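Work through the exercises below with the sequence and the 3D view open. Each task is followed by a solution in steps.

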Amino acid sequence: MHTDGVFTLIELPYPTDALEPIISKQTIELHYGKHLRGYVDKLNTLLKSSEHNGASLEEIVASADGTLFDNAGQTLNHNLYFTQFSPSAKGLSNGKLYRAICDKWGSEENFRRVFTDAGTEIFGSGWVWLAANENGELYIEKMTNGSNPLAEGLIPLMGFDIWEHAYYLDYQNRRREHIEALWQIVDWPTIEERYKEIIDK
Ligand code: MN
């Protein structure tokens with residue numbers, strides 16, 4: 001399963017059909033098995049002749065540009081994306097992340113609406129992110145192509161992939177419907193754990 005090179009293809013924390021009907025087995029097989037694998041392979045090839053060889057994925061995304069940035073960004077993006085979902089996803093607890101969301105957007109429901117709108121509005125391929133600064137203040141970031149909040153000095157917590165390869169087989173042009181469905185499989189304890197690493201520093 002693993003790709004040879006500096007970086008390896010992550011293991012999926014669930015079987016490829018586990019997120020049905022929100023994300024089909026066919027979409028996961030292509031998105032994870034072909035697209036993500038392709039980004040990791042290309043990243044490893046580029047690193048062989050790069051001054052960034054030896055850096056962490058996060059360091060590369062924060063400092064590289066061009067094709068190296070694109071492939072490192074997409075590797076990191078998809079590592080965060082695939083590991084934030086679960087077929088037995090649990091909700092947001094009444095903790096620090098919940099309170100930060102309510103401070104910024106008034107309620108969890110309103111946060112989801114603003115996030116869903118942001119993802120729907122992106123023109124072309126990209127990502128919509130929930131990100132935090134080092135103080136734990138939250139932001140919704142609309143980013144094009146393979147970018148990541150690290151490129152803007154923010155730390156990514158949760159990302160929805162807005163590239164058509166993430167949803168077109170299952171939802172065709174109905175991007176909003178896809179984004180709204182994803183809330184059913186977001187595993188909030190995973191996002192809370194990412195937030196905890198920032199605010200506990
Ligand atoms: Mn993707």
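The exercises that follow concern a predicted model.

**Exercise 1. The metal site**

Task: Identify which residues and atoms coordinate the manganese ion, and state how the donor residues are spaced in sequence.

Solution.
Step 1. Three histidines act through NE2, namely His-31, His-78 and His-165, and Asp-161 acts through OD. The coordination distances run from 1.9 to 2.1 Å.
Step 2. Written along the sequence, the spacing of the donor residues is H-x46-H-x82-D-x3-H.
Step 3. Place two of these donors in the fold. His-78 belongs to helix α3 (residues 66-82), while His-165 sits in the loop between β3 and α6 (168-171), so this pair links parts 87 residues apart in sequence.
Step 4. Check the accessibility of His-78. The cut-off for buried is under 20% relative accessible area; His-78 has 0% and is therefore buried.

**Exercise 2. Helix α4 and its surroundings**

Task: List the buried residues of helix α4 and find which elements they pack against.

Solution.
Step 1. Helix α4 covers residues 96-105, and its buried residues are Leu-97, Ala-100, Ile-101, Cys-102 and Trp-105.
Step 2. Consider the helical repeat. With 3.6 residues a turn, residues three or four places apart in an α-helix point the same way.
Step 3. The packing partners of the buried α4 residues include two helices, α5 (108-121) and α8 (188-199). The strands β1 (126-132), β2 (138-144) and β3 (155-161) are also packed against.
Step 4. Look just past the end of α4. Gly-106 has a positive phi there, about 90°.

**Exercise 3. Strand β3**

Task: Determine how β3 pairs with β1, and how many of the residues of β3 are buried.

Solution.
Step 1. The pairing of β1 with β3 is antiparallel and runs over 6 bridges.
Step 2. For one position in register, take Ala-131, which faces Pro-156 of β3.
Step 3. Of the 7 residues in β3, 6 are buried, which leaves the strand mostly covered.

**Exercise 4. The largest pocket**

Task: Describe the volume and the lining of the largest pocket.

Solution.
Step 1. The volume is about 390 Å³.
Step 2. The lining has 14 residues, and those closest to the pocket centre are Ile-155, Pro-156, Glu-197, Ile-198 and Lys-201.
Step 3. By element, α3, β3 and α8 each give two or more residues to the lining.
Step 4. By class, the lining contains 8 nonpolar, 1 polar and 5 charged residues.

**Exercise 5. Backbone details**

Task: Locate the cis peptide bond, and find where Asn-145 and Gln-172 lie and what phi values they take.

Solution.
Step 1. The bond from Glu-20 to Pro-21 is cis, with omega near 0°. Pro-21 lies in the segment before α1 (25-47).
Step 2. Asn-145, in the loop between β2 and β3, has a positive phi near 50° although it is not a glycine. Asn-145 is partly exposed, at 45% relative accessible area.
Step 3. Gln-172, in the loop between α6 and α7 (175-182), also has a positive phi, near 50°. Its relative accessibility is 31%, and Gln-172 is partly exposed.

**Exercise 6. A long-range contact**

Task: Find which residues Asp-170 contacts beyond its sequence neighbours within four places.

Solution.
Step 1. Asp-170 is part of helix α6.
Step 2. With those neighbours set aside, Asp-170 is in contact with Ile-22, Ile-23, Ser-24 and Thr-27.
Step 3. For Thr-27, the separation from Asp-170 is 143 residues in sequence and 7.5 Å in space, C-alpha to C-alpha.

Definitions and conventions:
Residues numbered from 1 in each chain as written. Predicted model: local features only at pLDDT ≥ 70, side-chain atom pairs only at ≥ 80, totals over all residues. Heavy atoms only, no water. Buried < 20%, exposed > 50% of the residue type's maximum accessible area, 1.4 Å probe, protein only. Helix = DSSP H or I, 4+ residues; strand = E, 2+ residues; numbered from the N terminus. Contact = heavy atoms within 4.5 Å. Donors = N, O, S within 2.8 Å, 3.2 Å for Na, K, Ca; no water. Pairing = 2+ DSSP bridges. 1 Å grid on protein atoms, 1.4 Å probe; cavity = no way out; pocket = protein on both sides within 12 Å on 5 of 7 lines; lining within 4 Å. Points joined across faces, edges and corners; volume = space filled by probe spheres on them. Nonpolar A, V, L, I, M, F, W, Y, C, P; charged D, E, K, R; others polar.
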